[in-house]
Protein chains: 2
Amino acid sequence: MRLSSMADYAVVAMRAAALHCGGTRTNAAEIAAETGLPAPTVQKLVSRLGQAGLLNSVRGSGGGFRLARPAAAITLADIVEAIEGPIAMTTCATDTGDCAIEGTCGARPHWPQVNRAIRGALEQITLAQLAQEEVAA
Amino acid sequence: MRLSSMADYAVVAMRAAALHCGGTRTNAAEIAAETGLPAPTVQKLVSRLGQAGLLNSVRGSGGGFRLARPAAAITLADIVEAIEGPIAMTTCATDTGDCAIEGTCGARPHWPQVNRAIRGALEQITLAQLAQEEVAA
DNA sequence: CCTAATCGGAGCGATTCGTTCCGATTAGGC
DNA sequence: GCCTAATCGGAACGAATCGCTCCGATTAGG
């Protein structure tokens with residue numbers, strides 16, 4: 001019920017990237033300096049975020065990355081899924097057959113409902129909202 | 001973003017306990033047999049759940065435990081908090097001062113809002129709903 | 001008073017997570 | 001056209017948490 005540190009840092013890093021909203025490319029070192037996160041960790045984060053399609057990255061000298069979509073079109077659910085994989089409370093919701101009590105688990109049919117509720121809550125928070133200084137009422 | 005196996009099992013165990021709704025005491029071994037969970041694990045679960053006040057346990061020969069409240073008055077949030085502690089996406093939401101980037105973390109003011117949304121989603125699911133065979137629309 | 005059964009807490013092993021380092025790739029300068 | 005420098009991408013190591021199991025404390029029943 002607590003998201004991993006990597007996902008936590010990813011949100012912070014994405015917020016920092018969003019503050020470069022003018023379309024100017026930034027790089028991992030700059031994000032690390034602005035956020036105070038360890039530089040290698042930021043590198044790993046942008047790598048994962050790039051694979052997920054949230055960041056467009058350019059390699060080589062003078063390269064860097066920028067948001068692939070407007071900040072308003074990126075939600076917390078997108079960022080969390082990019083780092084942690086599908087949002088699911090239980091393993092049985094995504095994988096099949098690896099649960100020993102699958103046969104007798106009467107709670108299983110109810111998990112999709114819970115997952116939808118959680119995911120819906122995260123989809124309502126956009127990166128644009130997080131980029132604001134003040135918290136919305 | 002994925003709850004621990006212990007919390008997952010706790011939900012299954014609590015559901016099994018709720019099926020003994022007639023007020024009859026059950027014991028850890030019985031729950032283990034019904035759910036297929038390892039008996040020692042069930043013992044640890046009921047211990048934690050008893051401390052949290054969700055189960056009333058009676059020790060000694062012929063002892064056991066039963067729900068401390070009606071199933072409709074126990075929510076997923078209660079069970080998860082009993083096993084995993086306070087529901088919080090980030091550590092900075094509960095603890096203070098242990099975050100290295102606390103000063104520069106602009107995302108921090110927004111986390112309470114997220115936490116409330118998640119917790120609200122879990123509070124809407126009661127143990128009585130989980131005890132039903134069919135999933136509610 | 002003794003025995004048996006159950007809850008409660010402590011210890012160990014395994015898996016995952018987080019961090020760090022090194023290689024592959026590409027733009028810029030000579 | 002070639003070389004250099006800078007950046008992303010993936011792989012390996014160490015640490016911490018989590019999950020499982022065993023043993024002791026407590027209490028009802030005989």
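## Reading a chain pair and its DNA strand

Analyst: Let's start where the two chains meet: about 3700 Å² is buried between chain B and chain A, and carbon and sulfur atoms give 65% of that. In chain B, the residues losing the most area to chain A are B:Met1, B:Arg2 and B:His110, together 22% of what that side buries. This is a predicted model, where local features need pLDDT of at least 70 and side-chain atom pairs count only at pLDDT 80 or more, while totals for chains, interfaces and linings use all residues. Residues are numbered from 1 along each chain as its sequence is written, chains are lettered from A and ligands numbered from 1 in the order in which they are written, and side-chain values use heavy atoms, leaving out hydrogens and water.

User: How do I read "buried area"?

Analyst: The size of an interface is often given as the accessible area lost when the parts come together. Here buried area is the accessible area (1.4 Å probe) that two parts lose on being put together, summed over both.

User: How many residues of chain B are in contact with chain A?

Analyst: Contact means heavy atoms within 4.5 Å. By that rule, 43 residues of chain B are in contact with 43 residues of chain A.

User: And how many salt bridges are there across the interface of chain B and chain A?

Analyst: A salt bridge is a side-chain nitrogen of Lys or Arg within 4 Å of a carboxyl oxygen of Asp or Glu. The rule finds zero between chain B and chain A.

User: Which element gives the largest share of chain B's side?

Analyst: Helices here are DSSP runs (H or I, at least four residues), numbered from the N terminus. H5(B) comes out with the largest share, seven residues of the side that touches chain A. B:Pro112 sits in that helix, H5 of chain B.

User: Is B:Pro112 buried, exposed or partly exposed?

Analyst: Buried means under 20% relative accessible area, exposed over 50%, partly exposed in between (1.4 Å probe, protein chains only). B:Pro112 counts as partly exposed because its relative accessibility is 38%.

User: Now the DNA. Which residues are closest to DNA strand C?

Analyst: A residue is near a strand if one of its heavy atoms lies within 4 Å of it. 24 residues surround DNA strand C, and the closest are A:Ser5, A:Met6, A:Arg59, A:Gly60 and B:Gln51. Of the strand's atoms that come within 4 Å of the protein, sugar and phosphate account for 79%.

User: What do A:Ser5 and B:Gln51 approach?

Analyst: A backbone N or O atom of A:Ser5 is 2.5 Å from a phosphate oxygen of DNA strand C. For B:Gln51, a polar side-chain atom lies 2.6 Å from a phosphate oxygen of that strand.

Technical notes:
Helices (H or I, at least four residues) and strands (E, at least two) are DSSP runs, numbered from the N terminus. A polar contact is a pair of N or O atoms within 3.5 Å; within protein, one must be able to donate a hydrogen and the other to accept it, and residues adjacent in sequence count only if both atoms are side-chain atoms.
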